[in-house]
Amino acid sequence: MPGYLAALALALCPVLVAARLIVLRRNGTRAMHFGNVDKKDFLIPPFALIYFYVIFAGAFGWPLVASHRFLSSEAIAWAGVTACFGGLGLVLLSLVAFGKSFRVGIGVDHPDKLVTSGVFAISRNPIYVGFALVLLGELLVFPSWIPLIYLVAAVWLFHRQVLREEAFMAEHYGREYAGYAGRVRRYI
């Protein structure tokens, strides 16, 4: 059961983001800017699809290159499910708090207001923290080397993106962002 729930949590992440993008588009906001700043971002989707397959293969018993697990503990698997849904909740709260300001990628041409309320009053990057929690939860449910490598790589990619976004926000919002960055931690 933990495997099915972990797979569901992973599947809901892009569904939440896609739903938010659709709502914004219907309201006239172009929120998809993926790869506009750095074309190397287009290397991410194929690896994400492989990750989705690995998680779903673990949950549904599909063929898998490496199925050896580091450990087998029902309690740790349920802790992983909790992390997955906690991360998913954080992603949802982030999307709600973003309002019209949500973007996939850096929207340099039409940035909206700086969001500092809701979960953004606790973390400057709650959506990345939420995604990282989902990936950590997946590792706890499916403890093998592939989810471990993906977790490490994702955290590195998230941090890389955060640094790019922070540079843009510091330039675009100036003192307002500097004050916000001084009050609220980057992650947690």
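UniProt positions are given here in the numbering used for this structure, and such annotations may be inferred rather than shown by experiment. With that reservation, the unreviewed UniProt entry annotates residues 42–64, 76–98 and 127–158 as "transmembrane region", and the coordinates discussed below belong to a predicted model. For two of these spans, the end-to-end distance and the secondary structure content are as follows.

| Span | Distance between end C-alpha atoms | Helix | Strand |
|---|---|---|---|
| Residues 42–64 | 25 Å | 74% | 0% |
| Residues 127–158 | 10 Å | 91% | 0% |

Aromatic rings form a second topic. A pair of aromatic rings is described by the distance of the centres and the angle of the planes. With pairing taken as ring centres within 6.5 Å, the model holds 11 aromatic pairs. In one of them, F131 and F158, the ring centres are 6.4 Å apart and the planes stand at 35°, so the pair counts as tilted. Because F131 belongs to helix α4 (residues 126–141) and F158 to helix α5 (residues 145–173), this pair ties together parts that are 27 residues apart in sequence. F158 has a relative accessibility of 18% and therefore counts as buried, the cut-off being under 20%. Elsewhere, a single aromatic cluster is formed by Y4, Y53, F56, F60 and W62.

Helix α4 also contains E138, a residue that is buried and yet has no salt bridge, since R69, the nearest side chain of opposite charge, is 9.3 Å away, whereas a salt bridge requires a distance within 4 Å. Leaving aside residues up to four places away in sequence, E138 touches A6, A7, L10, Y51, I55 and C84.

Key. Residues are numbered from 1 along each chain as its sequence is written. This is a predicted model: local features need pLDDT of at least 70, side-chain atom pairs count only at pLDDT 80 or more; totals for chains, interfaces and linings use all residues. Side-chain values use heavy atoms; hydrogens and water are left out. Rings of Phe, Tyr and Trp (its six-membered ring) pair if their centres lie within 6.5 Å; planes under 30 degrees apart count as stacked, over 60 as edge-to-face and the rest as tilted. Helices (H or I, at least four residues) and strands (E, at least two) are DSSP runs, numbered from the N terminus. Buried means under 20% relative accessible area, exposed over 50%, partly exposed in between (1.4 Å probe, protein chains only). Lys and Arg count as positive and Asp and Glu as negative; His and the chain ends are not counted. Contact means heavy atoms within 4.5 Å.
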